[in-house]
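This report is an introduction for a reader who has not met the structure before. The sequence and the model are shown first, and the description follows.

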Amino acid sequence: TGVNGGDKMTIGFNSVQTKDIGSGHSASLTSVGTKYDALADAVPPVVPHSGKSGSLKNGDLTINGVVVGASSANDDQVSSDAKSASAIAKAAAINRVSDQSGVVATVGKTTAFGTAMDVTAGVATNSGTSGAISINGQATASITLGDDVEINRLMMTNAINNISKQTGVTAINTHDDKQGIVLVAADGRNIQIDLGSDLVASDVGLSDTGTYIGTFDLKSKTGE
């Protein structure tokens, strides 16, 4: 939805026209995927850094005058980390009051975009380095970086996709040194990346270590 982490947001679907907030039959809004910030869920909570977010707190979101309650980890049975902050948990919180608000939430996909890879004079900067990473708590096979960043990217993509059944995450090789590897969880679960101590994001073209939160759509039940 474009608000910063820590902001409180009020949505009035009855106060805008469909053309102003989306296309198609029903009025709609789509949330923005973010990186999880544990400070937002600390006690007491701290306003998360820009571009990051935490769980939905009671009163953070009001839709058509109806206050949405806190998101709950109990609603997310698939994420490995920060369950209460996931798009799955937030959508469930919104849908608990959909009869009163007239708005329903649908979980979208989670995307962790890639990172530009380090290349010096056409050669991968950390050639010869070996290491494994973990996705959603599952370790990949170890890879050894060579001189060719495209081959390194392909090795990392294959290593991640070999455990996709356990993680729910698919890796996409963009074949672009600037865009690296994109990770996608089609069911909206969080994507938890741990690069370990041997590899860095620019070695393999992945997002930095952290947990990435997916998106959800809000749609009017009446189409008005």
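## Surface and overall make-up

About 10,600 Å² of accessible surface belongs to the protein chain, and carbon and sulfur atoms account for 51% of that surface. The model described here is a predicted one. Its protein chain contains six helices and 19 strands. Of the 224 residues in the chain, 45% are buried. When contacts between residues at least 6 apart in sequence are considered, 59% of them join residues that are at least 24 apart.

## An open sheet

Six strands make up an open sheet with mixed pairing, and their order is β4-β3-β18-β17-β12-β13. The edges are taken by β4 (52-53) and β13; each has a single partner strand, so one side of each has no neighbour in the sheet. At the β4 edge, β3 (residues 34-36) pairs with β4 in the parallel sense, over two bridges. Within this pairing, Tyr36 stands opposite Ser53 of β4.

At the other edge, β13 (138-139) is followed by a loop that leads to β14 (143-144), and Thr140 is placed in this loop. Is Thr140 buried or exposed? Thr140 is buried, because its relative accessibility is 7% and the limit for buried is under 20%. Beyond its neighbours within four places in sequence, Thr140 has contacts with Ala132, Ile133, Met156, Ala159, Ile160 and Ile163.

## Nonpolar cores

In soluble globular proteins, nonpolar side chains tend to be buried together. The largest nonpolar core of this model holds 21 residues. Ile133, Met156, Ile160, Leu183, Ile191, Ile193 and Leu206 are the members with the most contacts inside this core. At least two residues of the core come from each of α4, β16, β17 (191-194) and α6 (201-204).

Ile133 can serve as a way into this region. Leaving out residues up to four places away in sequence, Ile133 touches Gln138, Ala139, Thr140, Met156, Ile160, Asp194, Leu195, Leu199 and Leu206. Apart from the largest core lies another core, of 14 residues, which includes Val66, Ile94, Val97 and Val103.

Val68 is found in the loop between β6 (66-67) and α2 (87-95). With a relative accessible area of 0%, Val68 is buried. Among the residues that Val68 touches, not counting those up to four places away in sequence, are Ile94 and Val97. Leu56, Lys57, Asn58, Gly59, Leu61, Ile63 and Ala93 are also touched by Val68. Val68 and Ser98 are 30 residues apart along the chain, and their C-alpha atoms are separated by 9.3 Å.

## Salt bridges

Side chains of opposite charge can pair when their charged atoms come close. How many salt bridges are counted in this model? The count is six. Three of these pairs are set out below, with the distance between N and O atoms.

| Pair | N to O distance |
|---|---|
| Asp99 and Lys221 | 3.3 Å |
| Arg153 and Glu150 | 2.3 Å |
| Asp177 and Arg153 | 2.9 Å |

Asp99 and Lys221 meet through their side chains in a salt bridge. Asp99 belongs to helix α3 (residues 98-101), whereas Lys221 is in the segment after β19 (216-220), so this pair ties together parts that lie 122 residues apart in sequence. Asp99 is exposed, at 67% relative accessibility, and Lys221 is partly exposed, with a relative accessible area of 45%.

A network of salt bridges links Glu150, Arg153 and Asp177. Glu150 and Arg153 are three residues apart in helix α4 (residues 149-161), so about one helical turn separates them. What is the burial state of Arg153? Arg153 is buried, because its relative accessible area is 1%. Glu150 is partly exposed, with a relative accessible area of 25%.

The salt bridge between Asp177 and Arg153 has its closest N and O atoms 2.9 Å apart. Asp177 lies in the loop between β15 (170-173) and β16 (181-185), and Arg153 lies in helix α4, so the pair ties together parts that are 24 residues apart in sequence. Asp177 counts as partly exposed, at 32% relative accessibility.

Notes
Residues are numbered from 1 along each chain as its sequence is written. This is a predicted model: local features need pLDDT of at least 70, side-chain atom pairs count only at pLDDT 80 or more; totals for chains, interfaces and linings use all residues. Side-chain values use heavy atoms; hydrogens and water are left out. Helices (H or I, at least four residues) and strands (E, at least two) are DSSP runs, numbered from the N terminus. Buried means under 20% relative accessible area, exposed over 50%, partly exposed in between (1.4 Å probe, protein chains only). Contact means heavy atoms within 4.5 Å. Accessible areas come from the Shrake-Rupley method with a 1.4 Å probe; for residues, only the protein chains shown count as cover. Two strands pair if DSSP finds at least two bridges between them. A salt bridge is a side-chain nitrogen of Lys or Arg within 4 Å of a carboxyl oxygen of Asp or Glu. A nonpolar core is a set of buried Ala, Val, Leu, Ile, Met, Phe, Trp, Tyr and Cys residues joined through side-chain atoms within 4.5 Å.
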